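Trainee: Could you take me closely through one part of this model, the pairing of its aromatic rings, and set that part against the chain as a whole?

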Amino acid sequence: MDKKQTRRVLTASLVGSSIEWFDYFLYGTMAALVFNQLFFVNEDPTVGLMLAYASFALSFFIRPFGGIIFSHIGDRIGRKKTLVITLSLMGLATFGMGLLPTYQAIGIWAPILLITLRLVQGLGIGGEWGGALLLATEYAPPERRGFFGSIPQMGVTIGMVMGTLALWIMTLLPDGAFMTWGWRVPFILSAFLVIFGLWIRKGIDETPEFKAVQASGEIPKLPIVDTLKYHWREVLIAIGAKVVETAPFYIFGTFVVSYATTNLGFSQTATLGSVMIATVITTILIPIMGSLSDKVGRKKMYIAGAMAMALYAFPYFWMLHQGSVLLLVVATIIGLGIIWAPITAVLGTMFSEIFDAKVRYTGVTLGYQIGAALAGGTAPLVATALLANFDNSYVPVAIYIIFTALISLVSIWAVKDLSGKQAAPKVAAKESRV
């Protein structure tokens, strides 16, 4: 593959992924600041916030269904076509959110319509990640698979930076203007990003590995059946490995927005600014960590990150509680910017290396999306509930972070240490069977 084609593939993987996650994270941040007041109206602010977070969590549980639908398409007709469908679906849902009337205007229909569009977002993102990952890794030279596989992971943080930056700019408006129309602007303008992403993705070819499966005539009629019958152990490993990558991410990036502003008295601007700085740093570190994994191995880097996450849980909250904006920024940078980077950088490549090419889209998507549903979407809700039940003590939330790390460390124990130089994905899949 020449340099021009390499750039085109990596750009298509990164740009589309970034746009989808931008759309997705807009909702997560708005849930903490806007939707609890304009859509999930309740006399008790905590109940309103928990309802907003519940709607945030709900989409995570629809993501596996989106994953099943689109991974079936991806393993049957190709990665590229599936990615065009998922991006279109996400774009329409996000644009629609920006036009919705509030609870004050149409009553109960406001949260119902919002949740419906959020579920459509969940379906789209459910099929996006696996396709973007495989677009990169199935084009990658064996010795650079870790680097290639880390590129679509950057889409998660770039999307979050874009979402946080857009919201941060809007929060500079007077409160009345922000709550009336300012929050809608990023949702509506995202339509232009989606059009650009579709243009980029339509200019690439199908992956070589999927073409090889097509040529061999080995495309399964029902990839989900083959995956659950022959690769269920790998799916369980992927679910468990996803836990420490997703739960702390939403603690550091979403839950902290409401926690720091409501419980600790920080301004919205300072909190969103700290998250934005941390996500910029982790975006820079992800490809570096991915490239490093080609030299030292995926498993070693993952274990180091998971152990650091467990050790950091209590120091993180201690720094937040000092009341210093500087420590708020430092705490977020260490957790989200540094410790999280090696975990997420190697996760996708590691998943792709334990599944056969015939069911790879389905396998990586199931593991990723079920893990995200169980641990990611519920994280802000669980953390908020723990605070409410333990007199606003952060101790249970810190223990929760440690618990997620332990689950993933136990899961990853079953994966052999695969480096990008050792084997092509299909061979690696055979070597890593549990």
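**Aromatic pairs in their setting**

Mentor: In this predicted model, residues 24 or more positions apart account for 85% of the contacts in the protein chain that have a separation of 6 or more, and the ring pairs can be read against that background. The protein chain holds 18 helices and 0 strands. Its radius of gyration is 20 Å, close to the 22 Å that the globule rule gives for 434 residues, so the chain is as compact as a globular protein of that length. Along the principal axes, the C-alpha atoms fill a box of roughly 60 × 45 × 40 Å, and 61% of the 434 residues are buried.

Turning to the rings themselves, the count comes to 19 aromatic pairs, taking ring centres within 6.5 Å as the limit. One of them joins Phe35 and Phe187, whose centres lie 6.3 Å apart with 40 degrees between the planes, which makes the pair tilted. This pair links distant parts of the chain, since Phe35 belongs to helix 1 (residues 3–38) and Phe187 to helix 8 (residues 184–201), 152 residues apart. With a relative accessible area of 0%, Phe35 counts as buried, and Phe187 is buried as well, its relative accessible area also being 0%.

Another of the pairs is formed by Phe317 and Tyr394, and here the ring centres are 5.3 Å apart and the planes stand at 10 degrees, so the pair is stacked, the cut-off for that word being under 30 degrees. Phe317 lies in helix 13 (residues 298–320), whereas Tyr394 lies in the loop between helix 16 (379–389) and helix 17 (395–412), so this pair ties together parts that are 77 residues apart in sequence. Both Phe317 and Tyr394 are buried.

The stacked pair should not be read in isolation, for Phe317 and Tyr394 belong to a cluster in which ring pairs also link Phe252, Phe255, Tyr259, Tyr312 and Tyr316.

A further ring takes part in another kind of arrangement, in which the charged end of Lys299 sits over the ring of Trp413, 5.5 Å from the centre of that ring.

To finish with the outside of the molecule, the protein chain exposes about 15900 Å², and carbon and sulfur atoms supply 70% of that area. For a close look on screen, then, you might begin with Phe35 and Phe187, the tilted pair between helix 1 and helix 8, and go on to the stacked rings of Phe317 and Tyr394 and the cluster that includes them.

Definitions and conventions:
Residues are numbered from 1 along each chain as its sequence is written. This is a predicted model: local features need pLDDT of at least 70, side-chain atom pairs count only at pLDDT 80 or more; totals for chains, interfaces and linings use all residues. Side-chain values use heavy atoms; hydrogens and water are left out. Rings of Phe, Tyr and Trp (its six-membered ring) pair if their centres lie within 6.5 Å; planes under 30 degrees apart count as stacked, over 60 as edge-to-face and the rest as tilted. Helices (H or I, at least four residues) and strands (E, at least two) are DSSP runs, numbered from the N terminus. Buried means under 20% relative accessible area, exposed over 50%, partly exposed in between (1.4 Å probe, protein chains only). A charge sits over a ring if NZ of Lys or CZ of Arg is within 6 Å of the ring centre and within 35 degrees of the ring normal. The radius of gyration is taken over C-alpha atoms; the globule rule is 2.2 Å times the number of residues to the power 0.38. Contact means heavy atoms within 4.5 Å. Accessible areas come from the Shrake-Rupley method with a 1.4 Å probe; for residues, only the protein chains shown count as cover.
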